[in-house]
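Me: I'm new to this one, so could you take me through a single part of it up close? I'd like to hear about the second largest pocket, and then whatever else helps me find my way around.

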Amino acid sequence: MSAPFEEANSPPPLTDPDPARPNQSFFEGAQHFRMRDFNVNLNPMQVTVGVPLEPADIGWSLLTDNISSNALHNSYARYDAPKCDEDTRVEVTRELMDLLGDRDGAQRLVCMTGAAGSGKSALQQTIAECCTDSGILGSAYFFSSGDPTRNNTSTIVPTIAFQLGSHSPDLRKCIGAAVVQDSVIFKRSLRTQMESLLVGPFSQLRELTGLDLATLPHTILIDGLDECRGEDRQQELLTAIRECLLTNDLPFRVFIASRPEWAIRTALEPRGNLHAMAYHMQLSDKYDAAEDMRRYLRRRFQALSLRTHNPHWFIESDIETLVQAGSGQFIYVATVYRYISERRASPAERLKIVLTWTPHDGQIARPFEALDKLYRDILLAAKNAYEAVDTHSGRDLLLLLRIHHVNCFSHLDFVDGISESRLTKLLHLEPKSIEILISDLRSLVTIQTDHSGRFYLRMFHKSFSDFLETESRAKELFVPSSRLYAHMAKCCLLHILQSPDCGIHVHEASRLLPLFWMKASAIDDELVNFTQKGGWHKLDSLIPAVFKRNYVSLLEHFDSLTEGLKNRDPEVVAVMSTFFKKWERDTDYTKPWGLNLTVPGLERLRF
C-alpha cells in the first residue's frame with residue numbers, strides 16, 4: 001500500500017525557505033513530490049488527513065443538489081398545507097388507501113381528476129400523511145405553477161429517487177453509483193432518468209442483496225400534474241411512468257392527482273395509453289362533497305364562536321346557503337372561511353357581506369378575491385394557448401366562451417337557447433369547435449347532453465358563472481353582453497351575404513339578426529359592407545312576412561341603431577330606411593308592435 005504522498009528522486013531545493021515569511025503551507029519549501037488520496041478537514045482548529053468519500057456518496061450528494069425540497073409533502077415551503085378534516089372525505093380516502101395499500105392488487109396506477117377547487121391537493125396531502133403513518137409512503141411530489149423549483153419536470157425523478165433511497169442505505173448506494181456512472185443524467189430524458197435512477201438501482205439491489213422489494217415503502221404520489229409547465233412535458237412524464245414503473249415487476253403503486261387537462265385527459269380516454277392500466281377517479285362527478293362542506297364550515301364557525309365569545313353570530317341556514325353556492329367545490333367554502341375569519345374583523349359582519357354581496361360602483365369588499373384569481377389564471381392560460389394556434393387567428397376565446405355561456409344560461413334567442421350545432425354554424429366555426437374551445441378549461445366547465453341528445457355547456461362552479469357576468473370580478477377578462485350580441489349580429493350579416501338563397505343558414509340568420517342587433521354595440525362597418533353588397537335586397541326577396549315584422553319592430557329604435565352612420569354614410573342609412581318602411585307597408589300590422597318571438601312554423605327552421 002502506497003503512502004499518501006511520495007518523495008521523488010530529485011535534487012535539493014534551489015533556494016532555502018525564507019525564515020521571515022509566515023508558514024502558510026503544509027509542506028513549506030518542499031518540491032518534486034506527488035500527492036494522492038489526500039483529504040483535508042478545513043476546520044481552523046483541526047487539520048486531518050482521512051479516507052476519501054466513496055463514489056456512491058459523491059453520487060448521492062450530486063443527486064441531492066438536483067432535487068426540489070419544496071415539492072416534498074412535509075416541506076417548509078408547504079407549511080400548513082391544506083388537508084381533509086378527519087371526518088370529511090372519508091369514503092374517498094378509504095378507497096384510495098385500500099387501492100394504494102394493496103401490494104398484490106393488479107391496479108398499480110390510480111389517477112384522480114377533478115374540477116379546480118374540488119379538493120384534490122387536500123386529499124393528496126391527507127393520503128401522503130396516511131401513507132406515512134402506515135409506513136408505505138415511498139415518495140411524494142407536489143407540483144406548483146408559482147414555484148420555479150417545482151413547476152417543471154427537471155427535478156421530479158431525482159426527488160422521487162432521493163426519497164426512495166432515504167428508506168434504504170443499500171438502495172441509496174445503488175442510486176449514488178448510478179449518478180456517478182452518468183455525470184449528465186439529470187439532463188437526460190425522463191425515461192432515461194427513471195431507468196437509471198429507479199429501475200436500475202432497484203433491480204441491482206435485488207440481485208446483490210436478495211432483498212424482497214415488497215418490504216420497502218412502495219407508494220409514489222404526484223399532485224398537480226396540470227401545474228407542470230408544458231403539455232408535452234406532462235405527457236412525457238405520464239409515458240415514462242407507464243413504460244418504466246408500471247411495465248415490470250417493481251413494487252410501485254402510483255397515485256396522480258390533476259385537473260382534467262389535455263395530457264392526462266387524453267391518456268385516460270378509451271384509446272389513451274393509460275386507459276387500460278389506470279383506475280380513474282373523477283372526483284367532481286362521483287363524490288358528493290356537500291355534507292363534508294357542511295361539516296367543514298360548521299366546525300370552523302363554532303371555533304370562531306369561541307374566539308368571539310358569541311355563539312349566535314351565524315345560523316344553520318347560513319351554512320346551507322354557502323354550501324349550495326359552492327356547487328360541490330371545496331375551494332368556495334374555503335375561500336369564504338378565510339375571508340370571514342380575518343382576525344381584525346367581525347365574523348358576523350363579513351358573513352353578512354358574503355351572503356348579500358352584489359357588485360356595484362365603489363364596491364370595496366372583495367370576499368371572493370382568491371377565487372377570482374384562480375379563475376383569471378386558468379382563463380388567461382387557456383386564452384393564450386387557444387389563440388396561439390394559427391388556424392384560430394382572429395378568434396377571441398373569452399368572447400366565444402361568453403357567447404356559449406349566455407346561450408346556456410340566458411338564451412341567446414330569447415326563447416329556449418340555440419343548440420350547440422346551430423350556434424357553431426352561426427359563428428362560422430368548424431363542427432365540435434366547442435370541445436377545442438374549452439380544451440384548457442376542463443377544470444371549470446364540461447360538455448354534457450340533454451334528454452334530446454343536444455350538447456350544452458355545464459359549469460362546475462356557479463361562482464364561475466357569476467365571475468363571467470361581473471365586471472368588478474373578471475376585470476380585464478370581462479366581456480359585456482353588448483359586445484357578444486354585436487358579434488352574433490355580424491355573423492348573421494355575413495351568413496345572409498354568403499349563404500345560398502335557399503339555404504337554411506340564411507333563414508336562421510335572417511330570423512336572429514334583429515334579435516341580436518337590438519342588444520348589440522355599434523356594428524357600423526358591417527352595416528356599410530352589408531348595404532353595399534346588396535344584403536337588404538337579398539333579405540327582401542327571402543324573408544317571409546312573419547320575419548319582416550321583427551325588422552319593422554326595430555323602427556322605433558332606428559335612430560339609435562344608426563346614430564353613428566348618419567353623418568358618416570347617410571346614403572347607407574337612407575337605403576336601410578327605405579327597406580324598413582317597405583316592410584312596414586308589406587306587413588299586416590294589426591297586431592301590437594314588438595319582436596315576434598313565437599311565430600308559427602318557427603321550429604321547422606331549427607336544425
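Reply: Here's a walk through the pocket, followed by the cores and a few single residues. First, this is a predicted model, where local features need pLDDT of at least 70, side-chain atom pairs count only at pLDDT 80 or more, and totals for chains, interfaces and linings use all residues. Residues are numbered from 1 along each chain as its sequence is written, and side-chain values use heavy atoms, with hydrogens and water left out.

On to the pocket. A pocket here is an open set of points on a 1 Å grid over the protein atoms alone, where a 1.4 Å probe fits, with protein on both sides within 12 Å along at least five of seven lines; lining residues have an atom within 4 Å of a point. The second largest one holds about 600 Å³ of space, a volume being the space filled by probe spheres set on the points, which are joined across faces, edges and corners. It's lined by 33 residues, and P260, R265, E269, R442 and T446 sit closest to its centre. Elements giving two or more residues to that lining are α8 (262-268), β7 (278-282), α9 (283-286), α14 (369-387), α17 (433-437) and β8 (445-449). Helices (H or I, at least four residues) and strands (E, at least two) are DSSP runs, numbered from the N terminus. Helix α8 gives the largest share, four residues. Sorted by class, the lining has 16 nonpolar, nine polar and eight charged residues; Ala, Val, Leu, Ile, Met, Phe, Trp, Tyr, Cys and Pro count as nonpolar, Asp, Glu, Lys and Arg as charged, and the others, Gly among them, as polar.

Now for the cores. A nonpolar core is a set of buried Ala, Val, Leu, Ile, Met, Phe, Trp, Tyr and Cys residues joined through side-chain atoms within 4.5 Å; buried means under 20% relative accessible area, exposed over 50%, and partly exposed in between (1.4 Å probe, protein chains only). The largest has 100 residues, with F301, F464 and W536 touching the most other members. A second, separate core has 49 residues, including W60, L63, L164 and A240.

Last, a few single residues. E508 lies in helix α21 (residues 504-518) and counts as buried because its relative accessibility is 0%. By contrast, H309 is in the loop between α10 (290-308) and α11 (316-325), and counts as exposed because its relative accessible area is 72%. Its phi is near 60°, a positive value in a residue other than glycine.
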